[in-house]
Amino acid sequence: MCGIVGYIGQNEKASPILLDAIKKLEYRGYDSVGIATINNEKIELKKDSGKINEVDKELQLKDMEGCVGVAHVRWATHGYPNKINSHPHTNNNNKIAIVHNGIIENHEELKKELISEGYVFKSETDSETLVHLIDKFINKGLNFQNAMIETVKLIKGSYAIGAISINYPNELIAIRNESPLVVGLGDNGNFIASDVPAFLKHTNKVIFPEDNELVIMNSDNVTIKDLNGNILDKKVETIDWNEEMAQKGGYDHFMLKEINEQSVVVSDTLSGKKDIENIVSKLGNINKICFVACGTSYHGALTGKYVFESFLNISTDVIYSSEFKYFSNVLDENTLTIFVSQSGETADTLSAIKIAKNRSKTLAIVNVLGSSITREVEHVIYTKAGPEIAVAATKTYLSQLISIYLLAIYLSKNRNNEFYENMISQIEKVPTYINELMLNEDKIKEIARKYKSYSAFFFLGRGFIYPTALEGALKLKEITYIHAEGYPSGELKHGPLAIIDENVIVVVLAPSENPESFSINSYKDTINNMEEVKSRGAQVIAITSYENGERINVNDIFQIDNQVDELLSPLVYLVPLQLLSYYISIYKDLDPDKPRNLAKCVTVK
Ligand code: AGP
């Protein structure tokens, strides 16, 4: 959570560049925002609580002078979101400014010591400790770089830090540990940021520093050193994302743009088929799969359980990353642990990898190139969904599902080539099914308008489509704040049926059967469960690919192409659910891109 940015140029004013860059990271936090620049041998600082546009309107952030600066968007952990707690933080004589993303776990003891030495703390944040420590080491005679090195030797926790000092006006320094940091090499200056979209407008040439590598940059040069001061030879990578991909492109919200990109995303993810085949050839003997993930990625992983157990007859566990440590005893060298993460930075998932990596084979399915998770595992499948800016995951979820299907299909290829050929050709049709249903978007708008004021939703599904029901409920909760639950259709009668009445909306996912597939043909059972909620007064919305879907007697029906059977349904049914949440959020006058209390990248445990 939190986003940091830094820029150092020769002649270009830093503040408009920083403001533009930090807007691209607003998905990481929107409790407060701030910029510090070096202007006329002084630190110029503007910051406040609120979303970027509100604070900019009040403080005119882009009018700050100076060619070097750092900026921050905050998702509060320590200290209420107010002006004082906003970043950047400065030292007592305002010569140094820092921005920080992460948590300094031992900040209380460090703070006590600093206070006893005369340092005055203005904020309640853990981050302010950093700026006073740097100051303390500079006062002891160290230069800026070495003061940063000594500071990180003292702190425990996660951090990505950017720092500037008026005594070193031609230097921007940065360092990371378990929090994301990427360096951008521009033609007119250099950048640090929590994520690539921040500077894509200026450059797609990047360096990914490892933990505790010190980044020292001036306007035309970047040096990376280890903590002993040795200069490191780092690879410069070119990211194949462009600025346009990180913009709204005429849509009202990123979320709607990202939903609309999904048919293209399927094709892009499928273009990575060969890479997946290549990874499969290196995996060796596997007798157990263990998926590990959080949130939407967990729902992708849970779909993976249905896919792997059906396609491969292989025992597959799915564990929330934050619960993983309680189950890790079951891993062995023939277990493949698969971590699923859009951001590649989720702290819970990173911790799980540290437990699994010496006990099992590890593979990650990740969207963000060079992210921390990709560096911790043996094999990486990139989902190729492009940058996702809306906090609620949409297109990246679909790309995870496609990757999981492909992985299972390639693992089964040697056993059953006919099945492999058939599945690949079926998945290749998914973009067509999605495009078809997008033509019927008005029906979803009508349903959203009709049910927007209800305060309880259930999403029901059986078998392959059950995790999609969970995802439908999560999307609705995240961006509309309506209470929603996903349930296996057959499970309702074991308790939750007690709360069903005419005030509850039940969304039933009822894909058609596939007589030749592994699926257990759940349509009829699902319809029976639907009747059970109807007879208790619930209003029912059915999403179905059953060809006689119109004959189901419910309040509303959304029809999916009848070729989309149970096996394929997770790859298509998610789209109307995403649209339903999006439009309910719009009709409730909320901002679907920035749901309250959430941030896209969860780098705290
Ligand atoms: C998705 O809409 C959520 N914002 C959230 O549940 C997310 O999927 C979760 O935090 C995991 O993130 P990751 O995929 O980046 O690891």
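How many nonpolar, polar and charged residues does the lining of the second largest cavity have? In this predicted model, that lining has five nonpolar, nine polar and two charged residues. The second largest cavity holds about 90 Å³ of space. Its lining is made up of 16 residues, and C2, W75, T77, G102 and S127 are the closest to its centre. Two elements, β4 and β6 (96–104), give two or more residues to this lining. The largest share, three residues, comes from β6.

Four cavities of 30 Å³ or more were counted. The largest cavity contains about 190 Å³ of space. It is lined by 25 residues, with R28, S194, D195, S343 and V368 the closest to its centre. By class, the lining of the largest cavity divides into 13 nonpolar, five polar and seven charged residues. Two domains contribute to the lining of the largest cavity. At least three of its residues come from domain 1 (3–246), and at least three from domain 2 (269–434).

Pockets were examined next. The largest pocket encloses about 550 Å³ of space. Its lining comprises 30 residues. Nearest the centre of the largest pocket lie G295, T296, A599, K600 and V602. Several elements each supply at least two residues of this lining: α9 (295–312), β17 (335–341), α10 (347–356), α12 (395–412) and α16 (466–480). The lining of the largest pocket has 14 nonpolar, 12 polar and four charged residues.

The second largest pocket has a volume of about 470 Å³. Its lining counts 23 residues. D240, W241, K384, A385 and G386 lie nearest the centre of the second largest pocket. At least two lining residues are supplied by each of α7, α8 (273–282), β19 (379–382) and α12. Helix α7 gives the most, with four residues. By class, the lining of the second largest pocket has 11 nonpolar, six polar and six charged residues. Domain 1 (3–246) and domain 2 (269–434) each provide at least three residues of the lining of the second largest pocket.

K384, one of the residues nearest the centre of the second largest pocket, also stands out in its backbone. Its phi is near 55 degrees, a positive value in a residue other than glycine. K384 is placed in the loop between β19 and α12. Both β19 and α12 supply at least two residues of the lining of the second largest pocket.

Helix α7, which gives the most residues to the lining of the second largest pocket, also packs against another helix. The axes of α7 (residues 262–270) and α14 (residues 430–438) come within 8 Å. They cross at roughly 175 degrees. Because of this crossing angle, α7 is roughly antiparallel to α14. On the α7 side, the contact is made by S263, V266 and S267. On the α14 side, V430, P431, I434 and N435 take part. By class, the contact of α7 with α14 has four nonpolar, three polar and no charged residues.

A further backbone feature concerns a proline. The peptide bond from H87 to P88 is cis. Its omega is near -5 degrees. P88 is in the loop between β4 (68–74) and β5 (89–90). Strand β4 is also one of the elements that give two or more residues to the lining of the second largest cavity.

Technical notes
Residues are numbered from 1 along each chain as its sequence is written. This is a predicted model: local features need pLDDT of at least 70, side-chain atom pairs count only at pLDDT 80 or more; totals for chains, interfaces and linings use all residues. Side-chain values use heavy atoms; hydrogens and water are left out. Axes are lines fitted to C-alpha atoms, for helices over the stretch in contact, and angles run from 0 to 180 degrees between N-to-C directions. Angles under 35 degrees count as roughly parallel, over 145 as roughly antiparallel, 65 to 115 as roughly perpendicular and the rest as oblique. Contact means heavy atoms within 4.5 Å. Ala, Val, Leu, Ile, Met, Phe, Trp, Tyr, Cys and Pro count as nonpolar, Asp, Glu, Lys and Arg as charged, and the others, Gly among them, as polar. On a 1 Å grid over the protein atoms alone, a cavity is a set of points where a 1.4 Å probe fits but cannot get out, and a pocket is an open set with protein on both sides within 12 Å along at least five of seven lines; lining residues have an atom within 4 Å of a point. Grid points are joined across faces, edges and corners, and a volume is the space filled by probe spheres set on the points. Domain bounds come from an automatic or database domain assignment.
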